[in-house]
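Please open the model in your viewer and keep the sequence panel beside it. The stops below say what to select next and what is to be found there.

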Amino acid sequence: MKRRLPGDKLIWRALRPILRVPFIKRYNLYGIGMEKLPRPPFILIGNHAYFIDAVLIEALTSFPIVWAVAAGNFDNPVSGPILRAAGAIQKRKGVPDIPAMRKMIEVVSNGGVLGLMPEGSVTWDGEFGEVPPGTDRFLEKLNVPVVAARMSGAYLTKPRWADHHRWGRIEVEFKAFNGKEALDFLSEASDWRWQEEKKVMFKGRNKAEGIEKIIWFCEKCGGFQTIKASGDSAICDKCGTSLTVDDYGLVSGRTVPEIIGIQREILAEHIALNGGIEVGEGTVTEMEIGSGAKTSYAGKVSMNSRELRIGERSYLLPKIRGLSNFLKRITEFNYEHSIVRLMTGSSSLLLFWAHRYFSHPHGS
């Protein structure tokens, strides 16, 4: 009797034949180099461009993939049950997770395909992000082929900040390597370089809605949280400055990395002038590691060089580990013996860069 691969679960067998073709057609999905994929076991790594990019990759491949997924996704009432049924590996973000590492090694040892998104978070700007230290050593350690699935067009289909989809084309280029060279190939992922060459139109409605998650300040008047979007345009309700998102993903002729770069500069100036940043109301859930006991509270959220404060609760910045932005409005980090999840009305990217400003010289 032929042995089943890890990840060969009922949900994979039942849904893949039904959903594969509709996904390929709906997303105008193209695979490049699939005929050169090795047989399992191997590791598959992809750039994290879109919240369902793992599903799109699976639509193009013939092997079940066991994905390592951020632990927060398992708390979601929709994605949690699906991930558990698919046998996904739950991994804590930003800190070493030995039990998860053991499960990843077990997948490969049992002849399966391990799926990783090394960046850990979906890109905000369409560029490949930072990879945790030690990732290259882990890829080399398992001594199996490493397949890089470099995805282009997925970010422009649904930018992380955007409230609505748009439709154009998604390409996934597969290439096999012997180890960490796969990361070098993946690091070249950029929807903007790809778009400069391809010039694909991404059609959709209300393309600017959600843009306040990456434009925190008006570039003209400096107003904080004054940008309001409607349809394909946004306007500063303080000075009237407007901008438009076009069918190529550009914001008044500029790429999103350019926009965020300017916002980071204004944020640094704002913090230097005011000594910190206040982002409005927020709610917190703390979960004690080990017991799973939870406590929740709410209050005004601010950050300065010493602390992140939510209401009367203070988190000293030197004790915050693994701070990451989860989804669009959730900031998650480890603090002493707890996992802390903060939801605000503002973008989680804003707090991420504020924290980076205080944690690194000149906010770099």
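Begin by selecting helix α1 (residues 10-26) and helix α2 (residues 53-60), which in this predicted model pack at an angle of about 95°, with their axes 9 Å apart. Since angles from 65 to 115 degrees count as roughly perpendicular, α1 and α2 are therefore roughly perpendicular to each other. To see the contact itself, display the side chains of Trp12, Arg16, Arg20, Phe23 and Ile24 in α1, which meet Val55, Leu56, Glu58, Ala59 and Leu60 in α2.

Stay with α2 and colour the helix by relative accessibility. How many of the eight residues of α2 are buried? Six of them are, so that the helix is mostly covered; the buried residues are Asp53, Leu56, Ile57, Glu58, Ala59 and Leu60. If you now add the surroundings of these buried residues, you will find that they pack against α1 and against the strands β1 (29-32), β2 (42-46), β3 (65-70), β6 (146-152) and β7.

Return to α1 and select Leu15, Ile18 and Leu19, which form a nonpolar patch on the surface and together have about 260 Å² of accessible area. Ile18, which has its place in helix α1, counts as exposed because its relative accessibility is 56%, and the cut-off for that class is over 50%.

Next, go to the loop between β1 and β2, where Pro41 lies. Select Pro40 together with Pro41 and inspect the peptide bond that joins them, which is cis, with omega near 5°.

From there, move to Leu116 in strand β5 (residues 113-116). Is Leu116 buried or exposed? Leu116 counts as buried, because its relative accessibility is 11%, and buried means under 20%. Leaving aside residues up to four places away in sequence, Leu116 touches Ile43, Leu44, Ile45, Gly46, Trp67, Ala68, Met104, Phe138 and Leu139. For a sense of distance, draw a line from the C-alpha atom of Leu116 to that of Arg306, a residue 190 places away along the chain; the two atoms are separated by 34 Å.

The next stops concern charged pairs. Side chains of opposite charge can pair when their charged atoms come close. With a cut-off of 4 Å between a side-chain nitrogen of Lys or Arg and a carboxyl oxygen of Asp or Glu, the count comes to 21 salt bridges.

Select Lys198 and Glu171 as one example, a salt bridge in which the closest N and O atoms are 3.5 Å apart. Lys198 lies in helix α8 (residues 191-198) and Glu171 in strand β7 (residues 170-177), so the pair ties together parts of the chain that are 27 residues apart in sequence. The two partners fall into separate accessibility classes, for Lys198 is partly exposed, with a relative accessible area of 37%, whereas Glu171 is buried, with a relative accessible area of 8%.

Continue to Lys319 and Glu336, whose salt bridge has its closest N and O atoms 3.2 Å apart. This pair links distant parts of the chain, 17 residues apart, with Lys319 in the loop between β14 (313-316) and β15 (320-326) and Glu336 in the loop between β16 (330-335) and β17 (338-344). Lys319 counts as partly exposed at 38% relative accessibility, and Glu336 counts as partly exposed at 43%.

Then select Arg341 and Glu332, whose side chains meet in a salt bridge at 2.6 Å, N to O. Arg341 is partly exposed, with a relative accessible area of 21%, while Glu332 counts as buried at 9%. Elsewhere, select Asp163, Glu212, Lys213, Lys328 and Arg329, which are joined into one network by salt bridges that share partners.

The tour ends with two backbone details. Select Lys199, in the loop between α8 and β8 (227-230), and read its phi, which is near 55°, a positive value in a residue other than glycine. Lys199 counts as exposed, at 56% relative accessibility. Finally, go to Leu327 in the loop between β15 and β16, where phi is again a positive value in a residue other than glycine, near 55°; Leu327 counts as partly exposed, at 47% relative accessibility.

Technical notes. Residues are numbered from 1 along each chain as its sequence is written. This is a predicted model: local features need pLDDT of at least 70, side-chain atom pairs count only at pLDDT 80 or more; totals for chains, interfaces and linings use all residues. Side-chain values use heavy atoms; hydrogens and water are left out. Patches are made of residues with over 30% relative accessible area and no salt bridge: like charges are joined within 9 Å, nonpolar side chains (Val, Leu, Ile, Met, Phe, Trp, Tyr) within 5 Å. Accessible areas come from the Shrake-Rupley method with a 1.4 Å probe; for residues, only the protein chains shown count as cover. Helices (H or I, at least four residues) and strands (E, at least two) are DSSP runs, numbered from the N terminus. Buried means under 20% relative accessible area, exposed over 50%, partly exposed in between (1.4 Å probe, protein chains only). Axes are lines fitted to C-alpha atoms, for helices over the stretch in contact, and angles run from 0 to 180 degrees between N-to-C directions. Angles under 35 degrees count as roughly parallel, over 145 as roughly antiparallel, 65 to 115 as roughly perpendicular and the rest as oblique. Contact means heavy atoms within 4.5 Å.
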